[in-house]
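Q: Please take a close look at one part of this structure, and walk me through its side chains and their surroundings in a connected way.

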Amino acid sequence: LGHAMELRAEHRQLQVEVSNFQQESRLEMDAVGRWESRSDKAGDRLRGELHVHEDELNAARQKLQSVSASSVLEDQPEDALRKWRRECVDMTEASSEFDSSRIACAELAERLGQRIGGFQE
């Protein structure tokens with residue numbers, strides 16, 4: 001009889017412990033659920049930000065594809081500036097020479113036209 005009473009007391013104590021563990025388990029599961037919910041929201045937010053940054057990166061990549069090689073920043077800007085100035089001077093001189101040649105050709109054509117006109121008379 002004494003042993004049976006001990007077993008019943010132990011059984012009740014075990015039922016209380018099982019109940020406590022079940023309650024603790026429910027609380028932990030609720031906490032895990034809240035954590036997963038927050039984690040999912042944070043993940044969704046981060047995925048959204050990632051898509052925005054990917055779109056910005058793609059737009060920047062598109063802009064870079066349209067940039068010409070001469071528009072790229074120079075490692076030696078002073079050298080590039082001297083080179084471009086030299087090219088500008090050369091082009092200006094070539095343009096001036098072309099204009100002078102064109103004028104000389106026009107004058108020569110006029111003189112030749114006058115000579116031909118003189119021969120025809």
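A: In this predicted model, R82 has a relative accessible area of 47% and therefore counts as partly exposed, since that class runs from 20% to 50%. The side chain of R82 meets that of D79 in a salt bridge, with a nitrogen-to-oxygen distance of 2.4 Å, which falls within the 4 Å that the term requires. D79, with a relative accessible area of 38%, is likewise partly exposed, so both partners in this pair belong to the intermediate class. As for where the pair sits, R82 and D79 are both part of helix 2, which covers residues 77-120, and three residues, or about one turn of the helix, lie between their positions.

Helix 2 also holds R102 and D99, again three residues apart and so about one turn of the helix from each other. Their side chains form a salt bridge too, here with 3.8 Å from N to O, a value to be read against the cut-off of 4 Å. D99 has a relative accessible area of 31%, which places this residue among the partly exposed ones.

Among the other charged residues of helix 2 is E87, which is partly exposed at 32% relative accessibility. E87 gathers with D90, E93 and E97 in a patch of negative charge on the surface. The value for E87 matters for that assignment, because a patch takes in residues with over 30% relative accessible area and no salt bridge, and E87 stands at 32%. A positive residue, R85, has its place in helix 2 as well, and at 56% relative accessibility R85 counts as exposed. The C-alpha atom of R85 is 45 Å from that of L50, although the two residues are 35 residues apart along the chain.

M91 is another member of helix 2, and M91 counts as exposed with a relative accessibility of 58%. From M91 to S25 the C-alpha separation is 85 Å, across 66 residues of sequence. From M91 to R12 the C-alpha separation comes to 104 Å, across 79 residues of sequence. R12 belongs to helix 1, and at a relative accessible area of 53% R12 is exposed.

The cysteines call for a separate word. C88 is partly exposed at 46% relative accessibility, whereas C105 counts as exposed at 51%. A disulfide is a covalent bond between the sulfur atoms of two cysteines. When pairs of cysteine sulfur atoms within 2.5 Å are sought, the count for this structure comes to zero disulfides.

For comparison with the charge pairs of helix 2, it helps to turn to helix 1, which spans residues 2-65. There R47 forms a salt bridge with D44, and the closest N and O atoms of the two are 2.7 Å apart. R47 and D44 are three residues apart, about one turn of the helix, which is also the spacing of R82 and D79. R47 is partly exposed with a relative accessible area of 45%, and D44 is partly exposed with a relative accessible area of 48%. The structure holds four salt bridges in total, and those described here include R82 with D79, R102 with D99 and R47 with D44.

Notes:
Residues are numbered from 1 along each chain as its sequence is written. This is a predicted model: local features need pLDDT of at least 70, side-chain atom pairs count only at pLDDT 80 or more; totals for chains, interfaces and linings use all residues. Side-chain values use heavy atoms; hydrogens and water are left out. Helices (H or I, at least four residues) and strands (E, at least two) are DSSP runs, numbered from the N terminus. Buried means under 20% relative accessible area, exposed over 50%, partly exposed in between (1.4 Å probe, protein chains only). Patches are made of residues with over 30% relative accessible area and no salt bridge: like charges are joined within 9 Å, nonpolar side chains (Val, Leu, Ile, Met, Phe, Trp, Tyr) within 5 Å. Accessible areas come from the Shrake-Rupley method with a 1.4 Å probe; for residues, only the protein chains shown count as cover. Lys and Arg count as positive and Asp and Glu as negative; His and the chain ends are not counted. The place of a charge is taken as NZ of Lys, CZ of Arg, CG of Asp or CD of Glu.
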